[in-house]
Amino acid sequence: MTTETQQEADGAGAQSSSDTLTVTDNRTGKHYEVPIEDGTIRATELRKIKTHEDDFGLMTYDPAYMATASCRSEITFIDGEQGVLEYRGYPIEQLAEQSSFLEVAYLLVHGELPDRKQLDEWTHEITIHTFVHENIKEFMQGFRYDAHPMGMLLASVGALSTFYPEATAIKDEEVRYIQIIRLIAKMPTLAAFSFRHNQGKPYVYPDNDLSYPGNFLSMIYKMTELKYEPDPRLEHALDVLFILHADHEQNCSTSAVRSVGSSQVDPYSAVAAGVAALYGPLHGGANEAVLRMLQRIETTDNIPDFIEGVKRGDEKLMGFGHRVYKNFDPRAKIIKQAVEEVFEVTGKNPLLDIATELEKIALEDDYFIERKLYPNVDFYSGLIYEALGMPVEMFPVLFAIGRTAGWIAQWLEMIDDSEQKIARPRQIYTGQRGLEYVPIEKR
Ligand code: CMC
């Protein structure tokens with residue numbers, strides 16, 4: 001950043017390049033030229049704007065990071081206006097239609113699609129690491145009988161770090177590679193054990209003959225049969241759901257993984273932070289809210305009244321609107337097709353009629369059109385999960401299985417990014433200063 005005094009700037013010869021931002025500090029009359037790169041300015045450049053030599057310099061105030069890029073990333077691209085979502089440059093529609101979750105996980109982690117041999121090896125590695133140590137099982141059995149499965153997942157993924165203490169060697173490529181494999185492989189096992197615990201059913205060990213989603217279904221549903229045979233349509237729908245949830249750039253949980261990971265903690269602990277963030281209703285819980293809303297509407301006859309209430313501001317139409325997507329959420333279109341596939345197997349859920357009618361009416365209504373409110377990924381995902389026999393507590397758990405691939409890819413990118421340091425935001429202190437301590441008997 002270059003600086004010049006007001007007088008100099010007013011004089012002849014003051015130049016500014018087109019890729020810069022000229023700032024005038026009216027406190028001092030000084031001009032500053034800040035480089036603009038990729039549509040951003042570096043916040044640290046603002047630190048050079050000072051009123052006097054000892055001044056800390058200017059900061060930005062951006063609660064919730066509404067206009068702050070925290071990293072450079074090559075993983076996921078989103079264009080909210082155009083409804084575009086790409087992983088490593090590949091459109092989500094093509095991946096959902098032609099790829100598999102494990103291939104997408106490889107793509108996110110490695111940056112490119114695998115060839116046949118690479119995919120086979122990757123799949124093999126993940127398949128042979130699905131089992132967890134028996135102590136993990138015992139540890140999980142210690143939870144209260146009705147423990148929330150997301151709380152169990154959060155604790156058990158964090159506990160994995162104590163089983164693999166070598167995982168702290170995060171700069172060792174070989175060591176961290178095996179942790180990546182373990183995380184992707186064991187997440188469905190921990191998720192299914194949490195589910196079975198909550199249901200009071202015995203835990204089912206992984207079946208390594210099955211596909212990634214097929215094995216998960218087996219660990220969820222298997223009872224007395226010797227071998228569980230997953231319905232290929234359910235297997236496929238679940239695989240698509242995992243793909244759709246695999247990454248979504250710098251959302252709350254991914255930022256949590258990066259932020260906690262920036263302390264150079266092991267990846268299990270960093271991913272546990274992601275699970276914790278996803279546990280919150282504003283992140284992993286919207287599909288549950290959609291389901292409850294549809295149940296409350298009860299019949300299609302009640303839709304007009306419900307819509308009027310939404311327009312009056314009484315409540316929100318859950319599963320509509322998005323902070324980033326202002327045209328349509330590309331994941332919602334794909335998920336709608338998956339709904340049909342699942343209902344072919346499970347039989348139609350009457351809530352689907354309400355959802356379809358609600359969507360039709362809302363999309364034709366000026367209130368929603370003017371505000372660019374379209375169905376988001378959560379509008380239909382809850383219906384699928386319910387059709388799969390999942391209680392609402394499992395919804396964020398399923399989300400976490402898919403998102404693990406993205407968390408890991410983002411964690412890896414952060415570890416290898418020489419510009420990243422431990423995350424440490426600044427604050428604007430608004431409290432008191434220099435008070436005199438008063439002994440308790442005198443207060
Ligand atoms: N129903 C009715 N009105 C809405 C809705 C909705 N779902 N969403 C936004 N609006 C209205 C809002 O009241 C405001 O109206 P006005 O201009 O008259 O005050 C206008 O639309 C703009 O809304 P906003 O709150 O500024 O939009 P935002 O970008 O801050 O919020 C959102 C985005 C997703 C939080 C919000 O649309 C919402 O609460 N939707 C329902 C919950 C939901 O489905 N969440 C899941 C999001 S997808 C999760 C993911 O990507 O993982």
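A polar contact is a pair of N or O atoms within 3.5 Å. One such contact lies at the start of helix α9 in this predicted model. There, S211 caps the N-terminal end of the helix. A side-chain oxygen of S211 lies 2.9 Å from the backbone nitrogen of G214.

Helix α9 spans residues 212–221. Of its 10 residues, 9 are buried, so the helix is largely enclosed by the rest of the structure. The buried residues are Y212, P213, G214, N215, F216, L217, S218, M219 and I220. G214 thus appears both in the capping contact and among the buried residues. Several helices help to cover this buried set, including α4 (101–110) and α5 (116–127). The cover also includes α8 (173–199), α10 (232–245) and α19 (395–415).

The protein chain is divided into two parts: domain 1 (3–69) and domain 2 (88–418). The C-alpha centres of domain 1 and domain 2 lie 43 Å apart.

The ligand is surrounded by 17 residues. The closest are L317, G319, F320, H322 and N376. By class, the shell holds 7 nonpolar, 4 polar and 6 charged residues. Polar side-chain atoms approach oxygen atoms of the ligand at several points. For H322, the distance is 2.7 Å. The side chain of N376 places an N or O atom 2.9 Å from a ligand oxygen. For K316, a polar side-chain atom lies 3.2 Å from an oxygen atom of the ligand. On its own, the ligand has 940 Å² of accessible area, and the protein covers 66% of it.

How values were computed
Residues are numbered from 1 along each chain as its sequence is written. This is a predicted model: local features need pLDDT of at least 70, side-chain atom pairs count only at pLDDT 80 or more; totals for chains, interfaces and linings use all residues. Side-chain values use heavy atoms; hydrogens and water are left out. Buried means under 20% relative accessible area, exposed over 50%, partly exposed in between (1.4 Å probe, protein chains only). Helices (H or I, at least four residues) and strands (E, at least two) are DSSP runs, numbered from the N terminus. Contact means heavy atoms within 4.5 Å. A polar contact is a pair of N or O atoms within 3.5 Å; within protein, one must be able to donate a hydrogen and the other to accept it, and residues adjacent in sequence count only if both atoms are side-chain atoms. Domain bounds come from an automatic or database domain assignment. A residue is near a molecule or strand if one of its heavy atoms lies within 4 Å of it. Accessible areas come from the Shrake-Rupley method with a 1.4 Å probe; for residues, only the protein chains shown count as cover. Ala, Val, Leu, Ile, Met, Phe, Trp, Tyr, Cys and Pro count as nonpolar, Asp, Glu, Lys and Arg as charged, and the others, Gly among them, as polar.
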